[in-house]
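Thanks for coming. I have one structure to show, and I will go through the sheet, the loop and then the helices.

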Amino acid sequence: MMIGVVLDADAVFVKALQEKLLAKGFMFNITQQRIIRLLPPLTLEHAEVDAFIETLAEEMNALKERSLQ
């Protein structure tokens with residue numbers, strides 16, 4: 001399974017997001033400077049998906065708020 005998420009953000013924002021999520025234990029790589037590519041294991045649990053989505057949203061909002069200040 002491979003999932004690509006296109007973000008409406010610049011490369012600096014996406015790289016910062018990657019670093020924040022890596023620090024929290026989530027790994028993904030970046031393609032074309034604004035697409036995050038996820039390669040989850042086939043044994044992925046619903047709780048793991050929920051945790052990733054929640055963490056992704058929190059970190060995106062935090063980075064967005066910091067960039068507005």
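How many bridges join strand β2 to β3? Three, and the two strands, with β2 covering residues 29-31, run antiparallel. Before I go on, please note that this is a predicted model.

One bridge you can look up in the display has Asn29 on one side, with Arg37 as its partner in β3. On to the other pairing of β3. Strand β1, residues 3-6, pairs with β3, residues 35-38, over four bridges, and the sense is again antiparallel. There, Ile3 has Leu38 of β3 as its bridge partner.

Put together, that gives an open sheet of three strands in the order β1-β3-β2, with antiparallel pairing. Its edge strands are β1 and β2, each of which pairs on one side only. From one strand to the next, the twist averages 30°.

Now the loop. The hairpin of β2 and β3 has three residues between the strands. Gln32 is found in this loop, and its phi is near 50°, a positive value in a residue other than glycine. Gln33 is found in the loop between β2 and β3 as well. What is the phi of Gln33? About 65°, positive, although Gln33 is not a glycine. For context, most residues other than glycine have a negative phi. Are these two side by side in the loop buried or exposed? Gln32 has a relative accessible area of 68%, which is over the 50% cut-off, so Gln32 counts as exposed. For Gln33 the value is 59%, so Gln33 is exposed by that cut-off too.

Next, the helices. Helix α1 takes in residues 11-23 and helix α2 residues 46-68; they pack at an angle of about 130°, with their axes 10 Å apart. What do we call that arrangement? An angle of about 130° is neither over 145 degrees, which would be roughly antiparallel, nor within 65 to 115, which would be roughly perpendicular, and therefore α1 and α2 are oblique to each other. The crossing of α1 past α2 is right-handed.

Which residues make the contact? From α1 there are Phe13, Ala16, Leu17, Lys20 and Leu21. From α2 there are Phe52, Thr55, Leu56, Glu59, Met60, Leu63, Lys64 and Arg66. Sorted by class, the contact of α1 with α2 has eight nonpolar residues, one polar and four charged.

One of the residues in that contact deserves a separate look, namely Glu59. Glu59 sits in helix α2. Is Glu59 buried or exposed? Its relative accessible area is 9%, under the 20% cut-off, so Glu59 is buried. Leaving aside neighbours within four places in sequence, Glu59 is in contact with Leu17, Lys20, Leu21 and Lys24.

Last, a residue of α1, Lys15. Its relative accessible area is 41%, which lies between the 20% and 50% cut-offs, so Lys15 counts as partly exposed. Lys15 and Glu48 are 33 residues apart along the chain, and their C-alpha atoms are separated by 22 Å.

To recap: an open sheet of three strands in the order β1-β3-β2, positive phi at Gln32 and at Gln33, and two helices, α1 and α2, in a right-handed crossing. That is all from me.

Conventions: Residues are numbered from 1 along each chain as its sequence is written. This is a predicted model: local features need pLDDT of at least 70, side-chain atom pairs count only at pLDDT 80 or more; totals for chains, interfaces and linings use all residues. Side-chain values use heavy atoms; hydrogens and water are left out. Two strands pair if DSSP finds at least two bridges between them. Axes are lines fitted to C-alpha atoms, for helices over the stretch in contact, and angles run from 0 to 180 degrees between N-to-C directions. Angles under 35 degrees count as roughly parallel, over 145 as roughly antiparallel, 65 to 115 as roughly perpendicular and the rest as oblique. A crossing is left-handed if the near helix is turned anticlockwise from the far one by less than a right angle, and right-handed if clockwise. Contact means heavy atoms within 4.5 Å. Ala, Val, Leu, Ile, Met, Phe, Trp, Tyr, Cys and Pro count as nonpolar, Asp, Glu, Lys and Arg as charged, and the others, Gly among them, as polar. Buried means under 20% relative accessible area, exposed over 50%, partly exposed in between (1.4 Å probe, protein chains only).
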